[in-house]
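Open your viewer, switch to a cartoon view, and keep the selection box handy. We will start with the whole chain and then go from stop to stop.

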Amino acid sequence: MKKLILFIIASLMVLPVVFAQGKAGKTDTTTHINLYTCTKHPGVVTDRPGKCPICGMDLNLSQKELLKTQVTRTYTCPIHANVVSDKPGSCPKCGTSLTLSLKERMKADVVGAYVCPMHSDVKSDKPGKCPKCGMALAKKS
């Protein structure tokens, strides 16, 4: 009887967390492409898991693909939180410019070693030019 009560309590605690993501309008809109490779034969690449045609070993997720998914940037509308894009642009609902998501801004603050002297919101992890004014990005001190 105690186990049944504990199970019911645990279920009631977990269910709101599971459904909260859907209610908040937070859905994953990015397209995920996974490439699988053989550890012994890196030239063998496929979009599905399976066996290597050369040696018969299991194909694993490519390290390059894992790294790319960690680096992908997302842009959001400051007004409509459910509008998400992997490229900068404008919101299809209101026309406002998309900005880096909060998570991406936090990553840029940590990684962003270069900033525009005129536009403090323009940051980069490598040297280059500001997309707004064309000035060279300065090393952050």
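Begin with the surface of the whole protein chain: about 10,900 Å² is exposed, and carbon and sulfur atoms supply 62% of that area. Keep in mind as you look around that this is a predicted model. The chain averages a pLDDT of 75, and 67% of its residues score at least 70. If you colour by pLDDT, look for helix 2 (residues 63–71), which has the lowest mean of the elements at 60, and for strand 2 (residues 45–46), which has the highest at 84.

Now colour by secondary structure. You should find three helices and nine strands. Starting from the N terminus, their order is α-β-β-β-α-β-β-β-α-β-β-β. Of the 141 residues in the chain, 19% are buried. Among contacts with a separation of 6 or more, 22% join residues 24 or more positions apart.

**Stop 1: the N-terminal helix.** Select residues 2–23, which are helix 1, and pick out Leu-4 within it. Leu-4 is partly exposed, at 48% relative accessible area. Next add Met-1, Ile-5, Phe-7, Ile-8, Ile-9 and Met-13 to Leu-4: together these residues form a nonpolar surface patch with about 790 Å² of accessible area.

**Stop 2: Thr-37.** Move on to strand 1 (residues 36–37), where Thr-37 sits. Is Thr-37 buried or exposed? Its relative accessibility is 17%, so it counts as buried, the cut-off being under 20%. Show its neighbours as sticks: leaving aside residues up to four places away in sequence, Thr-37 touches Pro-42, Val-44, Val-45, Leu-59, Asn-60 and Ser-62.

**Stop 3: the salt bridges.** How many salt bridges does a search of the whole structure find? There are two. For one, select Asp-47 and Arg-48, whose closest N and O atoms are 3.6 Å apart. Arg-48 is exposed at 58% relative accessibility, while Asp-47 is partly exposed at 47%. For the other, select Lys-51 and Asp-58, whose side chains meet at 2.7 Å, N to O. Here Lys-51 is exposed, with a relative accessible area of 55%, and Asp-58 is partly exposed, with 45%.

**Stop 4: a three-stranded sheet.** Select strands 4, 5 and 6, which form an open antiparallel sheet in the order 5-4-6. Strand 5 and strand 6 (99–100) stand at the edges with a single partner strand each, so one side of each has no neighbour in the sheet. Zoom in on strands 4 and 6, which pair in the antiparallel sense over two bridges. Which residue of strand 6 is the bridge partner of Tyr-75? Click on Leu-100 to see it.

**Stop 5: Cys-77.** Finish in the loop between strand 4 (75–76) and strand 5 (84–85), where you will find Cys-77. Cys-77 is buried, with a relative accessible area of 3%. Not counting residues up to four places away in sequence, Cys-77 touches Val-83, Cys-91, Cys-94, Thr-96 and Leu-98. For a last check with the distance tool, pick the C-alpha atoms of Cys-77 and Leu-98: they are separated by 4.7 Å, although the two residues are 21 apart along the chain.

Methods. Residues are numbered from 1 along each chain as its sequence is written. This is a predicted model: local features need pLDDT of at least 70, side-chain atom pairs count only at pLDDT 80 or more; totals for chains, interfaces and linings use all residues. Side-chain values use heavy atoms; hydrogens and water are left out. A salt bridge is a side-chain nitrogen of Lys or Arg within 4 Å of a carboxyl oxygen of Asp or Glu. Buried means under 20% relative accessible area, exposed over 50%, partly exposed in between (1.4 Å probe, protein chains only). Helices (H or I, at least four residues) and strands (E, at least two) are DSSP runs, numbered from the N terminus. Contact means heavy atoms within 4.5 Å. Patches are made of residues with over 30% relative accessible area and no salt bridge: like charges are joined within 9 Å, nonpolar side chains (Val, Leu, Ile, Met, Phe, Trp, Tyr) within 5 Å. Accessible areas come from the Shrake-Rupley method with a 1.4 Å probe; for residues, only the protein chains shown count as cover. Two strands pair if DSSP finds at least two bridges between them. pLDDT is the predictor's confidence in each residue, from 0 to 100.
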